[in-house]
Amino acid sequence: MRYSRMLIPTVKEVPADAEITSHRLMIRAGLMRKLASGTYTYLPLGWRALQKVIDIVREEMNKAGAQEILMPAVQPIGLWQKTGRDVDYGQTMAKFTDRHGRENVLAPTAEEVVTSVAAGEISSYKQLPMNIYQISFKFRDEFRPRFGVLRSREFIMKDSYSFHADDESLDETYKIMYDTYCRIFKRCGLDYVIVEAESGEMGGSGSHQFTVPCESGEDIIIYTRDGSYAANLEKAAVDPLPKEKPDPKTPSMQDVHTPNIGSIEAVCAFLKTQPKDMIKTLIYTAGDEVVAAIVRGDHDLNQEKLTQALGGKHAELADEAAIEKVTGAKVGFAGPMGLAEKVDLMVIDHAIAAMAVGVTGANKTDYHTKNVVPGRDFPLEGENVTVADIRNAVEGDTRGGKKLMFRKGIEVGQVFKLGTKYSEKLGAKFLDENGTEKTCTMGCYGIGINRILASAIELGNDDNGIIWPISIAPFEVLVTSVNQDDKKVAQVAEKIYQQLLDSGIDVLLDDRDLRGGVKFKDADLIGIPVRVTVGKKAVAGGNVEIKLRAESQSKKVPIEKATDKTIELVNSLKKQLELKCGS
Ligand code: ATP
Ligand code: MG
């Protein structure tokens, strides 16, 4: 390809909403342009890189024995109602009503569709195991699309689904997919960690998440220094805190007037107390049920853990009217006293049960209550009261007595053992050797294609631009004709370019009629891994310069050896990634 004929609109300025490096560089290097919040157009360079990621994913999936299919993005909501996920996905699910009044879902994932396909097509154990995948657009009406393609409303996902006669077979395929993911991410040049994860809305019994550690990540990886434990924030379980010594002399509860002071910070300032001594009461709805979740003022409720505590039921924060109805007070003044009788279920975090005394909302607008003793002033057990781990781990927490450490990361993929949640509800059954009807056991495996690209840029960049891993770079080699107006220079550049093309190298020729400085700046920005620079002076001496984007020094190479030397460098960069895959 010739730079002069390509749309590579590099820019100096970046939009204000580009908060992280990869987002800024994807705009600056002309890889993509924003259409609306969370939707992007991939321009030629971006699309080339993305396609290389797709090629790697496809190759490895095929190698693992999975078969590619393509499912529709428009799916009838009725299918989702069968599994209850129309509710579980909440507002993240994008929907539209068609002209006939039928409600449709824009695929956020495809368990329901694939299981209904399996229900129709699988009849015998002889067809199992079966692993099918697709690479297609997914839609999620994210609450806060941000960080460019890391959290967008429309993205490309590779999603695969496996069907099995028994758990043993699922375990085998799960392991194959796990290993396949390792190969995919290594081939894409990513350093990643694998953590235990919660299966969330997916349901099921086991899950691992593949996460690229980096500061721009929205995920939190929690681990012990000895490496014996690594999980994401949703999953990481914490040891219960040691019980504070109760003071038998704690006076009885006392209401205090706190006019218009509803937030934890404001109450603390007003009552001269600390968030850790506050008892926070959150009202949720789970289907028809009202749930009160009680956590310490300095702790965050963990949605996934709450789901677990509710036996897998997804809960959403109740709206203002529902909160007022339950507590009898405006939002900000809820407390656990007397609440067990008013809600269907009260889930209390361990840390609250360990507290000697605290401050909480009085269930009366503009009032808080002091001297609240858990267990004395509200129950810690009962028919509809449970104590559970429902908060996020924080600095200082331990697991199995070991200190927990924290690190940010980008989730690029996740694998799940689903069990029979979908197959049971959608009737994916088969006849076993004895002719007995059984339900398929399932696994599912997702990869965020766009996130791989952004993560690679997060890991590979410097002040001047992107440093691509060769496997997913938009081009492997950039030949820069520094003085395009010089016939000899243009000729040498053209020749090397043609020879590289003939050798199957993915090469871009910068044949633009621009100053060398501009070309070098663009070269750094778009980050093509191997660079051949053809300039007047060097050519006069019979040489060109060859340089890796990742290194600062260039090497003089005789013109006639330039092509071979370049190919050698490309191969050695590729080899480095391949070697990683063997490890
Ligand atoms: P997250 O927790 O970040 O919202 P998720 O766990 O909901 O992601 P999955 O349902 O596991 O995502 O989807 C599989 C993969 O799709 C993820 O591992 C991620 O790489 C990618 N992905 C999910 N949501 C988005 C998004 N909004 N934008 C880009 N990629 C996404
Ligand atoms: Mg996930």
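**The surroundings of ligand 1, the magnesium ion and helix α1**

Among the 15 residues around ligand 1, those that come nearest are Arg140, Glu142, Arg151, Ser152 and Glu411. The model is a predicted one, and the distances and areas below are computed from it. By residue type, the shell around ligand 1 comprises 6 nonpolar, 4 polar and 5 charged residues. Two strands, β8 (154-164) and β22 (402-419), each contribute at least two residues to this shell; β22 gives the most, with 4 residues.

Several polar side-chain atoms approach the ligand. A nitrogen atom of ligand 1 lies 2.8 Å from a polar side-chain atom of Glu142. An oxygen atom of ligand 1 is found 2.7 Å from a side-chain N or O atom of Glu411, and for Arg451 the corresponding distance to an oxygen atom of the ligand is 2.9 Å. Taken alone, ligand 1 exposes 580 Å², of which the protein buries 86%.

Glu411 also takes part in the metal site. Together with Gln414 (OE1), Glu411 (OE) coordinates the magnesium ion, ligand 2, at 2.0 to 2.2 Å. How do these two residues stand with respect to burial? Glu411 counts as partly exposed because its relative accessibility is 22%, whereas Gln414, at 10%, counts as buried.

Attention may now turn to helix α1 (residues 21-28), in which Ser22, His23, Leu25, Met26 and Ile27 are buried. The elements covering these buried residues include the strands β1 (32-36), β2 (39-42), β26 (461-462) and β27 (465-466), as well as the helices α12 (449-459) and α14 (516-526). Just after α1, Gly30 adopts a positive phi of about 70°.

Note on methods: Residues numbered from 1 in each chain as written. Chains lettered and ligands numbered in written order. Predicted model: local features only at pLDDT ≥ 70, side-chain atom pairs only at ≥ 80, totals over all residues. Heavy atoms only, no water. Buried < 20%, exposed > 50% of the residue type's maximum accessible area, 1.4 Å probe, protein only. Contact = heavy atoms within 4.5 Å. Donors = N, O, S within 2.8 Å, 3.2 Å for Na, K, Ca; no water. Near = heavy atom within 4 Å. Polar contact = N/O pair within 3.5 Å; in protein donor to acceptor, adjacent residues only side chain to side chain. Areas by Shrake-Rupley, 256 points an atom, 1.4 Å probe, with all protein chains shown as cover. Nonpolar A, V, L, I, M, F, W, Y, C, P; charged D, E, K, R; others polar.
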